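Got your viewer open? Let's take a short walk and click on things as we go.

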Amino acid sequence: MSTTSRLLVFLWVCFFVLYFFDPTGKKNELPVERQLEVHEHEAMVLANMTFALNKTSMSPTFTQWLDTHVYALPPSPASQPVFYSNVTGRFQGRWKSVTLAENISVLLGQQPHSPASPSPSPSSTPPQAQLPTKAVESATSVASMLGGMNLAKDGSFRLRLLANATSSPNISYMEGRLDLEDGSSSFESLVHGLHFISEGMLFLQSSPDETDLYLYDLPKMMLEQDKFDSAVKTLWQANQDYIERLRIQLQENGKSSQEVEPSTSKVKCKFWIYMQLHPLKATREQLRSLERELLLKEGQSTIFPPKQFANMSLVSPNCQALLYTGRIQGRKLDLFLNKSRNMGACLALVTLVELFLTAKQMQRAISQSALTKISYITIALSCMLDMYMCMVLLISAIMKPALFLPYATAAFLKFSLFSVFGIRQLFNVIMARRRSTFNSETILRFRLYAGLLIGLGVFYRFASRSPTMIVLGTFVLHSFWIPQIISNIQRNTRRVFDRSYIIGMSVTRLLVPLYVLACPVSILDLNDPPRTGTAIALTVYVALQAIVLMLQETLGPRRFVPPQWIPPSYDYHPVLLSPDEESMAAQGETAETAEVLYPPPQHSVSGGSHLNSEAASGAGAGDASGSTRVAGSAVTSATPGPSQTARQRLAGRGSLISASRPSNNECAICFMPVRPARPPTPHTAVSASPSVSIPGQPSRTAGRQAPGLSSASSALASSADLLLATDRLNYMVTPCHHIFHTECLERWMEIKLECPVCRAELPPA
């Protein structure tokens, strides 16, 4: 079996384990006949309900507490309070537990009952045989109902609501979901209820099981008879309309069923939710014009949408809990959609900037020499980041049809960025480094997409349940400059990326995580407060990477690395000895003079495989144009001055490498002679040294004295260093023992890293 086939089998096994055994996607089917029977029973109960017989006899303590904490409204600027008529959107905030003198069951005027006890009202209990998915409530303890949830301490919540029009213009039927968290555990429950528009009051009920929500339970929450009667009438009419739709569906499709999502949560708490909206600072006409513009998008000038606040209380009869949220802020769905569209447009614009920077960088790094300097891990991390962002945008576009156009556009641009540009750039870099072992772009794409799918599966199963794992993954994906910094140190390369590319990509990669982490009113449904500290840490982390990468361009890639940690690199500027000098070096005379003129370095630098190099003294950079005077005599350089690249390459090496001179001193690129640099011989050094006379002693030359006896010898060594280093920069010797002009070989290596003579692979310069 090939490697690709084994990888495909492994992916199928991963998907089978991760998704097939996931219980969250399984749903039960409830036949339409059963649904019809249940709703007909609800219609019968609603038709027989009266305020005197079916109202909830709440304790005065509880009603007084609701009036004080929930229904106490701030002063309204208008004569009559004005509220939003459509509260479709989201409310989120913190809740705290409240303890009153009386038991919750006493506050609500009811006592827990067991299955053996008679039902309070025969007409208010649906036939259990017709609800196969409904678990009959048993006489369990409150602890078992809580299922590990701690409602005695503070926590957070998120309430999402969807308004539906009814036969009454003043009442909307609400549906939604409620998420409660106590810091260590959480659970989700379904919500339905009524919204009285003119009063800004919402009466909601929640249950983890969809089959535990009944329409005839909602009027029992009303504290006044007029609201009770209006609720019964509205719910009965809405139920009749739904019954008619079920009958039509049964006639057209025969026996059919509807999927019902079962509850998998261990928490079985049911809540009665009392909510009071705060009046808005606007007139009724201004608010009506605003809501019409948000709905129809006619382009009319309206007021700025006022913020929506509310008070809310949650009481659980079976879990014996009373929760209070205080003043919470909501967000209308219309405003959320407008903000999301703007966000999608901004993401598309940011992606266009990334496309421009990537295309400019690819055009700059088109040669093989430039591609070998790039770390393929850096490009791979950038591709993975773009792929995950593309998946998020695509899922958002599918889940929200109203946002499909802006988010699908941004997803397409992200897909083009990593699929067309990113993967192509990654393939070119790998091909430049592994020319003989990797030659298929299809395999590269397959591996990247496989990594993407495996990463999504791991995130879905593990990381999505832990915010710490998400933050850690964010830091890992935003470490894309670190592999390039390490590669520069290892290969002693610089000027890999353009500065505009480094700064631009660092900023654009940070925009989305900073928005998610630090924006207090982002478009995401996050219960957690803004993580400002994490956002600052991520910004500093990426900024440090970019700063270090740019400093490597200016100060050298190994500037901040201790010498003992620097890996050896090939030196293209060795000192070449003539045949006479080689014979003299064999006799030990040249080495003795070199030891006097050039003190030994602190560490050695490895030479090429064809150069028998040995460490000697350090060489500094100098100007080779014009004349250089050594011990009173002028020596004129006939070769062109060294390039800035050669000066930077020699700086910091700290060694003088001597080797056998190549047999041919002609540059194979320009066919002009190359003048190699040679260290001064003993006779040359002695003859060029000034004479020093000491009374009573014969005359001695400064070149034969110890380095500390005369300043003339130090001046001689310094001048010789300058001349030798300048000459070394004018030529380059390859590991295959071919010599070229520095300028010629540098231009050649920008195109390809091969020797122009023998086509041997060259190390980066």
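**First stop: a charged pair in a helix**

Select R247: this residue is partly exposed, with 36% relative accessible area (buried is under 20%, exposed over 50% and partly exposed in between, using a 1.4 Å probe and protein chains only). Before going on, a word on what's on screen: this is a predicted model, where local features need pLDDT of at least 70, side-chain atom pairs count only at pLDDT 80 or more, and totals for chains, interfaces and linings use all residues. Residues are numbered from 1 along each chain as its sequence is written, and side-chain values use heavy atoms, leaving out hydrogens and water.

Now add E244, whose side chain meets that of R247 in a salt bridge at 3.5 Å, N to O (a side-chain nitrogen of Lys or Arg within 4 Å of a carboxyl oxygen of Asp or Glu). Both sit in helix α7, residues 225-253, 3 residues apart, or about one turn of the helix. Helices (H or I, at least four residues) and strands (E, at least two) are DSSP runs, numbered from the N terminus. E244 is partly exposed too, at 40% relative accessibility.

**Second stop: a buried pair**

Next, pick R509 and D386. Their side chains form a salt bridge of 2.3 Å, N to O. R509 belongs to helix α16 and D386 to helix α11 (residues 376-399), so this pair ties together parts 123 residues apart in sequence. Are they buried or exposed? Both R509 and D386 are buried.

**Third stop: two helices side by side**

Stay with α16 (residues 499-518) and show α9 (residues 333-364) as well: they pack at about 160°, with axes 10 Å apart. Axes here are lines fitted to C-alpha atoms, for helices over the stretch in contact, and angles run from 0 to 180 degrees between N-to-C directions. The two helices are therefore roughly antiparallel, a label for angles over 145 degrees. To see where they touch (heavy atoms within 4.5 Å), select residues including M343, L347 and V350 in α9, and M505, R509 and V512 in α16.

**Last stop: across two strands**

Finally, try R177 and E188, a salt bridge whose closest N and O atoms are 3.1 Å apart. R177 is in strand β4 (residues 171-181) and E188 in strand β5 (residues 186-196), so the bridge links parts 11 residues apart in sequence. R177 is partly exposed at 26% relative accessible area, and E188 is partly exposed at 35%. Still curious? The whole structure has 15 salt bridges to hunt for.

Methods
Angles under 35 degrees count as roughly parallel, over 145 as roughly antiparallel, 65 to 115 as roughly perpendicular and the rest as oblique.
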